[in-house]
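Me: I would like to go through this model step by step. Please keep the answers short and end each on what I asked for.

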Amino acid sequence: MQTYEPGMELYGGVHYSDYPDPDNITKMDLGCLPMIADFHKFGIRLDIPFLNNLNSRIETIQKEIELETEIYIGSYQYRTSKGALIPFSIGSRDHLAQLLFEEWKVQGDDPVPLTPKGRRFEVSEEIMEPFKDRHPAVPGIIEWHKSEKLRNTYTSVLPLQVDSDSRLHTQFNATVASTGRLSSSNPNLQNIPIRTKLGKEIRYAFTCDPGWRLLSADYSQIEMVWAAHRSQDPTMLDIFRRGQDLHDRTACSVFGLDYEEVQALKKLVADKLATVAQTSEFNDFKQFQRLPCKTVGFGVLYGQTAEGLQASLASEGIFWTIERCEEFITQKFFAVYTLLKAMLDRDYAYATRYGLICDEFGRVRLVPEAKSQLKRIRNEGLRKAGNHPEQSSAQGSIKIAMARLTPICRKLGDKMVRPLLQIHDQLILEVIAPFVEEFSHVVREEMEAATPLTIPVRSSSDIGERWAEL
DNA sequence: CCACGTACACCC
DNA sequence: AAACGGGTGTACGTGG
């Protein structure tokens with residue numbers, strides 16, 4: 001096990017670099033190309049009958065909603081910009097906006113929500129949330145639109161894109177994302193739904209050949225690990241050295257709670273051995289202490305503002321004032337992570353001075369906006385600059401891991417192992433069943449050893465026959 | 001008819 | 001007043 005030192009040589013002749021280093025980046029990007037070629041070649045198997053069935057179920061749901069809402073919509077007609085009346089179409093966001101805000105006036109005494117650009121009414125689900133109980137047809141219409149999206153983007157389209165072996169070959173592009181991430185298109189397999197129940201069912205359709213298994217291995221908190229490494233923030237280092245839960249520990253540090261006591265309580269609740277009082281105590285911790293810390297922790301590398309935090313918390317049902325959000329970020333969160341704040345400020349200053357920022361391998365991101373006189377533009381550049389070192393270095397880790405795994409996979413051959421997908425901090429492979437457990441350790445070890453840092457880089461793995469199980 | 005911008009949804 | 005980094009795909013509406 002190698003230990004970190006500045007500039008040390010890594011696999012494939014790549015090295016850590018604190019200056020712009022295009023040759024180093026070329027080596028890194030070329031090193032992961034063979035595995036990208038494997039992704040393209042193998043493709044992932046799709047359970048087409050399952051997906052077709054899911055598509056039918058979604059259509060049924062939509063038809064029910066159409067029947068339910070018909071009585072409210074009736075013969076309402078949409079007025080075009082030229083004043084003509086045309087039949088109402090539930091799929092059009094403009095038709096919907098006119099019906100909701102001009103016919104039904106669901107906004108009541110509130111201002112009509114407008115989109116940032118242009119002068120259209122905003123009808124995103126987030127904005128519609130408060131209007132859901134203002135008219136009985138609104139929840140149904142929202143659900144119809146969500147279903148339409150799933151159908152149009154996934155369930156009705158993916159079955160048309162498979163090869164004769166029911167396998168889906170996405171195209172990975174290594175040259176579009178400025179942070180060195182890969183992107184996926186035709187179809188995009190990096191945005192398959194996971195959060196909602198119906199959406200996650202789409203993942204069930206992704207599977208493996210009989211006698212094989214899907215293996216997923218992903219880095220744990222890789223961007224935060226890089227942030228801890230770069231900042232040398234003592235609290236962050238301590239959390240990752242001890243292998244603690246980042247957000248639990250943050251909440252404990254921010255609110256002065258004992259981490260071990262919280263973990264004990266957490267375990268009691270998980271094992272269903274907690275009293276009513278203990279359960280309620282833990283739920284309060286989760287909602288009012290852990291959740292804000294988690295939200296800030298998630299947003300901090302994106303340069304989240306108090307307004308951004310407020311919006312994020314609101315979507316979780318927590319309504320804080322701007323002042324409280326502001327105070328929480330500056331006085332609570334950054335009071336604990338002082339060196340993390342110092343690191344971000346260093347990156348902002350660097351970007352302001354040079355109009356660019358480097359990751360830990362010398363990948364350069366140009367941010368000329370950081371020098372702008374206009375505050376909005378400048379802050380936009382600074383947020384990009386603040387995020388780039390972590391997002392880009394994290395890509396470095398997985399790209400080197402891919403390069404390290406390439407000869408191992410080649411030696412085993414495609415009767416044993418087939419690399420299928422990379423999803424930013426995660427690799428998905430198809431492995432013959434009797435070998436998958438053993439191989440999961442190999443993949444994890446290569447990922448963890450790819451970029452030795454001043455703290456352990458951890459990864460975890462899952463095995464299943466369906467993507468939804470991973 | 002096509003190309004393009006916008007809004008919105010999905011992912012890490 | 002105040003949107004949070006990186007992506008792709010879809011439908012819609014407009015303008016050539």
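Me: Which residues come nearest to DNA strand B?
Reply: The model is predicted. A residue is counted around the strand if one of its heavy atoms lies within 4 Å of it. There are 22 such residues around DNA strand B, and those that come nearest are T115, V123, R181, I194 and D425.

Me: What share of the atoms of DNA strand B within 4 Å of the protein is sugar and phosphate?
Reply: Two contacts involve the backbone of the DNA. A backbone N or O atom of E125 lies 3.1 Å from a phosphate oxygen of DNA strand B, and a side-chain N or O atom of D425 is 2.7 Å from a sugar or linking oxygen. Of the strand atoms within 4 Å of the protein, the sugar and phosphate share is 89%.

Me: Which residue has a side-chain N or O atom 2.7 Å from a base oxygen of DNA strand B?
Reply: A polar contact is a pair of N or O atoms within 3.5 Å. The pair with the base oxygen of DNA strand B, at 2.7 Å, has its other atom in the side chain of R181.

Me: How many residues of the surface near DNA strand B are charged?
Reply: Helix α6, residues 138-155, gives the most to this surface, with 3 residues. By class, the surface has 6 nonpolar residues and 5 polar ones, and the number of charged residues is 11.

Me: Which element gives the largest share of the lining of the second largest pocket?
Reply: This pocket has a volume of about 430 Å³ and is lined by 18 residues. Elements that give two or more residues to the lining include α12, α13 and α15. The largest share, 4 residues, comes from α14.

Key. Residues numbered from 1 in each chain as written. Chains lettered and ligands numbered in written order. Predicted model: local features only at pLDDT ≥ 70, side-chain atom pairs only at ≥ 80, totals over all residues. Heavy atoms only, no water. Polar contact = N/O pair within 3.5 Å; in protein donor to acceptor, adjacent residues only side chain to side chain. Nonpolar A, V, L, I, M, F, W, Y, C, P; charged D, E, K, R; others polar. 1 Å grid on protein atoms, 1.4 Å probe; cavity = no way out; pocket = protein on both sides within 12 Å on 5 of 7 lines; lining within 4 Å. Points joined across faces, edges and corners; volume = space filled by probe spheres on them.
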